[in-house]
Amino acid sequence: CPCSHQQSEEMALLKNVGKTFGTYMCADYLSNYIQHPTQKMDYGIFNKLIGREVDQEWWGTRTEHIVGVAACLAVTDHASQAVFAARVGAPLAFATHPAAFVAHTFFFIFTGVTAYVGIDSALSPLHKDADRTKEFAAGTYSSAIGSCTAWFEPYVSPALASIAGPAVGNSWFGSALLPATLAYATVKGVGWYDWGNSGLNPLEEKINGLVTGHRDPKKEL
């Protein structure tokens, strides 16, 4: 039955998007240990579970970034794969279409991160209404800079396979989690200069002993 076949394909796609979403959330979280190995991070509402102060429960926190960026990237990743697969007339794979895959990598990362920037710029109460367009423009520029540095992502799995063997290189860790973690680190690190004590939000500066207070959105707005 054509209807049941279509439903099966849709369910498979949703399952793959969900798996990608989970992978990207893990990658974003792990990348914080590369970028900020000795710093304490602000996970918003989850700070309560690890004994840290809560400033904002969601907006402007690492949790907003982890969930929001992963959701946007999961959608743009699979959408971009479909576009490039139609372009080359075959399933997109780095081994068979390396140039197209590298182009896909930049395209889906840039569009996904920029989509997140747009949503945050439009909805976050931490931005003044007069500054929302400026926030979006600045974030888009950072997204473009950072995305250009992630060209190496497709090469991670083959490189790992040559060192540790195909079983490791082709595993979920080697082919998905590790490449994504490194890409997150370079996109955030270079695009937003998010390294060490740089790129921290006001609460993170406070809990890391860099300042004595943190933002008060009521005063800011």
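This is a dialogue between a student and a tutor about reading a predicted model.

Student: Let's start inside the protein. Which residues of the largest nonpolar core touch the most other members?

Tutor: The general idea comes first: in soluble globular proteins, nonpolar side chains tend to be buried together. In this predicted model, the largest nonpolar core has 17 residues, and those touching the most other members are Tyr 24, Val 69, Leu 73, Ile 109, Val 113 and Tyr 184.

Student: Which helices each supply at least two residues of this core?

Tutor: There are four such elements to look at: H1 (2-35), H2 (62-88), H3 (98-123) and H7 (172-191). Apart from this core lies another one, of five residues, including Leu 92, Phe 94, Ala 100 and Phe 101.

Student: Can we zoom in on one core member? What is Val 69 in contact with, leaving aside its neighbours within four places in sequence?

Tutor: With those neighbours set aside, the contacts of Val 69 are Glu 64, Val 113, Tyr 116 and Tyr 184.

Student: Now the helices themselves. Why does the length of H2 agree with what one should expect?

Tutor: Count 1.5 Å a residue: the 27 residues of H2 should span 39 Å, and its end C-alpha atoms are 37 Å apart, so the two values agree. Just after H2 comes Gly 89, with a positive phi of about 75 degrees.

Student: And how do H2 and H3 pack, at what angle and how far apart?

Tutor: Their axes are 8 Å apart and make an angle of about 140 degrees. The crossing of H2 and H3 is right-handed. In the contact of H2 with H3, 14 residues are nonpolar, eight are polar and three are charged.

Student: What sits in the loop between H2 and H3?

Tutor: His 97 is one residue to look at in that loop. With a relative accessible area of 23%, His 97 is partly exposed, because buried would require a value under 20%. Beyond residues within four places in sequence, His 97 is in contact with Val 88, Ala 90, Pro 91 and Leu 92. The C-alpha atoms of His 97 and Phe 84 are 9.8 Å apart, with their positions 13 residues apart along the chain.

Student: Let me try H4 next. Which of its residues are buried?

Tutor: A helical rule helps here: an α-helix has 3.6 residues a turn, so residues three or four places apart point the same way. In H4 the buried residues are Arg 132, Gly 139, Thr 140, Ser 142, Ser 143, Gly 146 and Ser 147. They pack against H3 and H7. The 17 residues of H4 should span 24 Å at 1.5 Å a residue, and its end C-alpha atoms are 24 Å apart, which agrees.

Student: Arg 132 catches my eye. Is Arg 132 buried or exposed?

Tutor: Buried: its relative accessible area is 19%, and the cut-off is under 20%. Arg 132 is found in H4, which runs over residues 132-148. Not counting residues up to four places away in sequence, Arg 132 touches Asp 120, Ser 121, Ala 122, Leu 123, Ser 124, Pro 125 and His 127.

Student: What does Thr 20 touch, not counting residues up to four places away in sequence?

Tutor: Thr 20, in helix H1, touches Ala 74, Asp 77 and His 78. Thr 20 is buried, with a relative accessible area of 14%. Sequence separation and distance in space are worth reading together: Thr 20 and Ala 71 are 51 residues apart along the chain, and their C-alpha atoms are separated by 8.8 Å.

Student: Is Ser 157 buried or exposed?

Tutor: Ser 157 lies in H5 (residues 153-164) and counts as buried at 13% relative accessibility. Among residues beyond four places away in sequence, Ser 157 touches Gly 169, Asn 170, Gly 174 and Ser 175.

Student: To finish, where is Tyr 193 found?

Tutor: Tyr 193 is in the loop between H7 and H8, and it is exposed, with a relative accessible area of 55%. Its backbone deserves a look too: phi of Tyr 193 is near 45 degrees, a positive value in a residue other than glycine.

Student: And which residues does Val 211 contact, leaving aside its neighbours within four places in sequence?

Tutor: Those are Pro 202, Glu 205 and Lys 206. Val 211 is in the loop between H8 (202-207) and H9 (217-220), and at 34% relative accessibility it counts as partly exposed.

Terms used
Residues are numbered from 1 along each chain as its sequence is written. This is a predicted model: local features need pLDDT of at least 70, side-chain atom pairs count only at pLDDT 80 or more; totals for chains, interfaces and linings use all residues. Side-chain values use heavy atoms; hydrogens and water are left out. A nonpolar core is a set of buried Ala, Val, Leu, Ile, Met, Phe, Trp, Tyr and Cys residues joined through side-chain atoms within 4.5 Å. Buried means under 20% relative accessible area, exposed over 50%, partly exposed in between (1.4 Å probe, protein chains only). Contact means heavy atoms within 4.5 Å. The expected span of a helix is 1.5 Å times one less than its number of residues. Axes are lines fitted to C-alpha atoms, for helices over the stretch in contact, and angles run from 0 to 180 degrees between N-to-C directions. A crossing is left-handed if the near helix is turned anticlockwise from the far one by less than a right angle, and right-handed if clockwise. Ala, Val, Leu, Ile, Met, Phe, Trp, Tyr, Cys and Pro count as nonpolar, Asp, Glu, Lys and Arg as charged, and the others, Gly among them, as polar.
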